[in-house]
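Have the model open in your viewer before we start. We'll walk through a handful of spots and see what each one looks like up close.

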Amino acid sequence: MPNNMFSQSTLFVKGKIVSRESKKILTGVSVKFEGGLITADTDEFGNFSLKNENLIDNILFIQAPNYRIKRIPLSLDGVDVDLGLIYLELDIEIEQTDNLISLTDSELFDDEISSSSSGLLQATKDIYLTKAAFDFGQAFFKVRGYDSQNGKVLVNGLSMNKFYGGRPQWNNFGGLNDVTRNQQFSNGLEASSYTFGGVLGVTNIDTRPSKMRPGFRVSTSASNRTYGGRLMATYTSSIQNSEFTYSFSGSRRWSKQGYVDGTLYDAYSLFGVIEYKINTKNTIMLTGIMASNRRGRSSAVTEEVFELLGNRYNPYWGEQDGEIRNSRERKIAEPILMLNYYHETEKIKIHTGLAYQTGINSKSRLGYYNAPNPDPTYYRYLPSFYINSPIGANFLSANQAKDGFLENPQLNWNTIYTANNKDKAAYVLYDDVNKDQQFLFNTNASLNINPILNLNLGFSYKNLTSKNYALINDLFGANIHEDIDVFSNTLNNVDGDLEKRENEIFNYNYIFRASEFDAFVQLQMHKKNWNAFLAVNQSAINYQREGVFTNERFLDNSKGESEKLSFLGIGVKGGVLYKVDGRNWLSINIAHINKAPILQNVFINPRENNKIVSDLKLENIQTFDTSYIVRLPKLVGRLTGFHTLFKNTTDVNFFFVDTGVGSDFVQEVLTSLDKRHLGIELGLEYELSSSVKLTAAAGVGKYVYANNPNVSINFDTAGAEEDLINLEGNLNLGQAKIKDYKLAQGPQQAFAIGINYRDPKYWWAGLTANYLANNYANISTITRTESFYFDPETGDKFPDATKENVLKLLQQKPLDNFYLLNLIGGKSWLKKGKYVSAFVSINNVFDVKYRSGGYEQSRNGNYGQLKQDNLSGTPSFGTKYWYGYGRTYFLNLAISF
């Protein structure tokens, strides 16, 4: 094996890469100089040849899935050097990725939580981002405060981000860890050869079996987080002496309930891919993915409920015939079929893909019609209702309510069946169904114009047809359900049958159609002391709604096609990396992006009508970051400062409210909303010895509303004064005074320090201490408008609703700061050609109880009600919180051969 340091340097660096454990050659291993543009992959014999014309001290960076990254310092003089055999060690810490998925799986299922970026960070070895995913992620920390819709996720170059919310649906390939490990990640604004990307970065999952570790692998896991058990098996054929390479994988995950009570988990995943090498330059590949997931959901709760029943409590379930039954289940099954073509030479690489995806994403809920609310945490069933009564506190009734709640805290299915023991249903269990059909196409090319310049070109097209409807799941013994809106006594479908039965569509029925053309051009330059890139993106997005039902409340605009909306967006970004020397770099990246609003924020109330948010604008993103990067043999790190301004965003929310202009279930529309993200990131890793590494990470941000947006509301049943509502059915409330309020984007300060020990006998252990602070609940916007000051009884301002009193009542308080200690460890063995590994993690060792997020309720939309509700200190409509997991574990055993 060669020495790590050379006195001479190279024009070409050559070598052969093999596995230290099995001594087998490794194909498809990525080799590059850190910070370099050119990448060489090992061929079928494990050989590589990497050209370097910069003649400066540098570090050779070698990376392969399932293996530890190898960094070889080189001192370059312009002489070719053959490094001979280079051994890569299997990464016994790889199961930590499975640990991450188990840990953050819950947030991927709950739309109420703005999904974090943890899933985007599996591909990176950046110290800060690794800490953000594996340690900060359990508190729903978000990198730079960004929502995951700002990151692009691709599978074989094809975009997996959804039209509706803009986020990737990780459940579409969940449970397939073995075959999705090969990922290429571009952080933030960095250049990506696959797509223009978003401000959170780009992740491309490459499923080519020729780049996977050949052989058979079986693993089993146990956990007390989202699922209790998992089995997974994968086989990948060898690339040697064969034109065909293939891989198959399957997994099963299950649990009667996870860490939170009543959250059942039932999932399976299947994967198959076959790759045919036509010749040395051309390859085609067919991939099929089927991931089905069924899971019981949980709810945010008020502090009053938490104090009574703790952080595992979940009101959505109850026992039926001795079995747990959750009223809020989510089911996802959206299989993908994908065809890819690769043309690769030394000068040009062309990747083309075509995919078809279809399936169902549904969420169940319990509807009640002229019947008591079945939710055991309904405000009238809790002690605070009697304490906060406007006619005076009734402590006797409050104690009775407390005792009753503690004795029967769960959903009572027997009561529901009893109430429905008649012809017409009072309670209905139904599914909100999204049935999607999507076509995707992408092609991109990478052209090495010369040793200095590289040109990237890409074009993609997506087309979606999404059917959205409510489907009756269970009538609980009743014969029919009358499809009427009980608040307004109007028909949900004038043209349909009034009486609905199980497995029939009711309530709403409409179709979304969306399409997107996207193209980008990118020029990268690689010189001796600096790299630079410039990229331009153009996108064209079309949206349209088609109503299937004629809603009696909106006879004129509920059925048929809406106006077709078109948005033309453009983005420009660029960056420069200056190499002070081969191991100290400075970089700056900057971008200006105009992008279409996501589909979720275009139609005001798509379940009932074709109304479109007025004055829709392109979202404008202005951002830059600057970094100092150190790459010493023993010390690796990055310090980054960033600033991002999101302008002209739109947000649509739904809730019941009592305001100074009426009471009703409303759609709240925020327009011209600006948000500012400012902060620094620091990640350091120091190799104290060959066995001990020290790590440190810090993220300090300030994420705030940057202006006072416009607010309007739409009333479903015209509960407000009709003369205040304009011809469009909107009530304009003017501006919400929310500038400088904090965004609810997870902890805005996060710190970690860790130590890892790796023993020569193939066992390892690690400890990380974390401190997370400055986390805020999402504010109620409507309470920050002028309507909040008015008494709905008189129409006049409340006499004591002074600016000082209102600001005190609406003061935004941070959630509690907290510490978390995490332990991880593992051991591996090589026995008769079989590689066995074990991994264990214990998160939140000291079982700290903490609030990970939340939102203010908007029910009390006027000063008088909110003041009255807060007098006791235990409001009936207080902020609802999500609570993080207490002490949890994850154990994984795997065997490979």
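Before the first stop, a word on pairing: two strands count as paired if DSSP finds at least two bridges between them. Keep in mind too that this is a predicted model.

With that in hand, go to strand 18 (residues 317–320) and strand 19 (residues 323–326), which pair in the antiparallel sense over four bridges. If you pick out Glu-319, you'll find Ile-324 of strand 19 standing opposite. The two strands make a hairpin with two residues between them, and Asp-321 there takes a positive phi near 55°.

Asp-321 has company on that score. Ser-672 also has a phi near 55°, a positive value in a residue other than glycine. Its setting is a strand, namely strand 36 (residues 662–687). Is Ser-672 buried or exposed? Its relative accessibility is 18%, and buried means under 20%, so Ser-672 counts as buried. Then there's Asp-847, again with a positive phi near 55° in a residue other than glycine. Asp-847 sits in a loop, the one between strand 43 (834–843) and strand 44 (851–855). With a relative accessible area of 26%, Asp-847 is partly exposed.

Now swing round to the N-terminal part of the numbering for a sheet. Strands of a sheet pair through backbone hydrogen bonds, either parallel or antiparallel. Here four strands form an open sheet in the order 3-2-5-6, and the pairing is antiparallel. At the edges you'll find strand 3 (39–41) and strand 6 (70–74), each pairing on one side only. From one strand to the next, the twist averages 20°. Look inside the sheet at strand 2 (residues 30–33) and strand 5 (residues 58–63): they are joined in the antiparallel sense over four bridges. One of the residues to click on is Ser-30, whose bridge partner in strand 5 is Gln-63.

Next up is a helix. How many of the eight residues of helix 2 (residues 127–134) are buried? Seven of the eight are, so helix 2 is largely enclosed by the rest of the structure. The buried residues are Ile-127, Tyr-128, Leu-129, Lys-131, Ala-132, Ala-133 and Phe-134. At the N-terminal end, Asp-126 acts as the cap, with a side-chain oxygen 3.0 Å from the backbone nitrogen of Tyr-128.

Our last stop is strand 41 (residues 763–773), home to Leu-767 and also to Asn-770. In a regular strand the side chains alternate between the two faces of the sheet. Take Asn-770 to begin with: at 1% relative accessibility, Asn-770 counts as buried. Leaving out residues up to four places away in sequence, Asn-770 touches Asp-135, Phe-136, Phe-751, Ala-752, Phe-818, Tyr-819, Leu-820 and Asn-822.

Leu-767, by contrast, is partly exposed, with a relative accessible area of 34%. Setting aside neighbours within four places in sequence, Leu-767 is in contact with Ile-753, Gly-754 and Ile-755, and also with Leu-821, Asn-822 and Leu-823. How far apart in space are Leu-767 and Asn-822, C-alpha to C-alpha? They lie 5.9 Å apart, with 55 residues of separation in sequence. So Asn-822 turns up in the contacts of Leu-767 and in those of Asn-770.

How values were computed:
Residues numbered from 1 in each chain as written. Predicted model: local features only at pLDDT ≥ 70, side-chain atom pairs only at ≥ 80, totals over all residues. Heavy atoms only, no water. Buried < 20%, exposed > 50% of the residue type's maximum accessible area, 1.4 Å probe, protein only. Contact = heavy atoms within 4.5 Å. Axes fitted to C-alpha atoms, helices over the stretch in contact; angles between N-to-C directions. Polar contact = N/O pair within 3.5 Å; in protein donor to acceptor, adjacent residues only side chain to side chain.
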